[in-house]
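Trainee: Before I rely on the labels attached to this model, could we go through them one by one and set each against its definition?

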Amino acid sequence: MARNKIALIGAGQIGGTLAHLAGLKELGDIVLFDIMEGIPQGKALDIAESAPVDGFDAKLTGTQGYEAIEGADVVIVTAGVPRKPGMSRDDLLGINLKVMEQVGAGIRKYAPNAFVICITNPLDAMVWALQKASGLPKTMVVGMAGVLDSARFRHFLAEEFDVSVEDVTAFVLGGHGDTMVPLPRYSTVAGIPLPDLIKMGWTSQERLDKIIQRTRDGGAEIVNLLKTGSAFYAPAASAIAMADAYLKDKKRVMPCAAYLNGQYGLKDIYVGVPVVIGAKGVERVVEIHLDRDERVMFDKSVASVQGLIEACIKIAPDLG
Ligand code: APR
């Protein structure tokens, strides 16, 4: 059987890490695409030269031409520019929207059967634009945010309780960023929900509130430390887990930015919700019951995503 093909659009910090992880995990042959000449070629060659040491077989290619992604099974998109000092939200939206239009056209032409994972920020708006620009089925285009946000939450909780990260599950909803909605009553240590762990004296409400805030600010914390860029190891690992769930038809339940068509009372919007990922892409949106406070937080998060989408439509009316 031929190997799967993974196309990575954007060969920057996350793109390079994605290629390395996809190689190490033998997910398939890897194509790195970037507009910067030499960068995808250099990273592809460097990773290919690590393969004999680590013992994985994968063909790695770097390219400036979309034809190289032809027939890809999975496409992961990190192409775009980060927000720089002095750049307004709309400046960033305008630039990255153009990038999504180009990338969407490339995918439409060369990889129309792929499962597409978008990472470019502002995530919930960019994945929406990428789906429109590519014209791929909505179940085959998702955004990576919730897996990363919940991984950050799990890491902080595992540290707090001094237990293995493997035994901590965490549940987040909503848009990526300050308005994301962590759900403590669905987050557990080996099945014991966080509110019970507070009652058991493992932590306090106050400490948990601080952890939740740190999770919300997780991206900014890394930017402040790195100063020259944003997080890339954990975002790449998160997208690879989603690609793996698709390629192996694992039917994993993961929080992703998914297209909603009536679920949670919302339509024509991408927002972070738990979904089942398998060979058909997003196979099911899991609709959980939200209590009043959770619904208020979720609605606030949805409103901020809607604001971004409206700003996109103003800039590029044909996407609307
Ligand atoms: N087509 C293809 N690649 C592009 C395009 C384009 N039109 N425009 C920019 N790129 C490339 C850049 O050349 C760069 O190599 O996208 C890459 C982005 O890489 P980095 O700047 O290193 O950014 P990275 O840290 O990988 O993050 C990528 O993910 O988490 C988000 O906010 C983050 O939007 C950002 C994205």
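Mentor: What follows takes the ligand site, then the strands, then a surface patch. This is a predicted model, in which local features need pLDDT of at least 70 and side-chain atom pairs count only at pLDDT 80 or more, while totals for chains, interfaces and linings use all residues. Residues are numbered from 1 along each chain as its sequence is written, and side-chain values use heavy atoms, with hydrogens and water left out.

Trainee: What makes a residue part of the shell around the ligand, and how many residues surround the ligand?

Mentor: A residue is near a molecule if one of its heavy atoms lies within 4 Å of it; 15 residues surround the ligand, and the closest are Gln13, Ile14, Asp34, Gln102 and Asn121. Helix 1 (13–24) and helix 3 (89–110) each supply at least two residues of that shell, helices being DSSP runs of H or I with at least four residues, and strands runs of E with at least two, numbered from the N terminus.

Trainee: What makes the approach of Asp34 to the ligand a polar contact?

Mentor: The term requires a pair of N or O atoms within 3.5 Å, and a polar side-chain atom of Asp34 lies 2.7 Å from an oxygen atom of the ligand, so the pair qualifies. Polar backbone atoms of Ile14, at 2.8 Å from a ligand oxygen, and of Gly80, at 3.4 Å from a ligand oxygen, also meet the cut-off. Taken alone the ligand exposes 720 Å², of which the protein buries 85%, with accessible areas from the Shrake-Rupley method and a 1.4 Å probe.

Trainee: How do you know that strand 10 and strand 11 pair?

Mentor: Pairing asks that DSSP find at least two bridges between two strands; 2 bridges join strand 10 (residues 188–189) to strand 11, which run antiparallel, so the criterion is met. Within strand 11, the bridge partner of Val189 is Ile192.

Trainee: Why are strand 7 and strand 11 said to stand at the edges?

Mentor: The open sheet has 3 strands in the order 7-10-11, with antiparallel pairing. Strand 7 (168–169) and strand 11 (192–193) each have a single partner strand, so one side of each is left without a neighbour in the sheet.

Trainee: What makes Ile35, Met36 and Ile39 a nonpolar patch?

Mentor: Patch members need over 30% relative accessible area and no salt bridge, and nonpolar side chains are joined within 5 Å; Ile35, Met36 and Ile39 form such a patch on the surface, with about 320 Å² of accessible area together. Met36 lies in the loop between strand 2 (29–33) and helix 2 (39–54).

Key. Patch = residues over 30% accessible without salt bridge, like charges linked within 9 Å, V, L, I, M, F, W, Y side chains within 5 Å. Salt bridge = Lys/Arg side-chain N within 4 Å of Asp/Glu carboxyl O. Polar contact = N/O pair within 3.5 Å; in protein donor to acceptor, adjacent residues only side chain to side chain.
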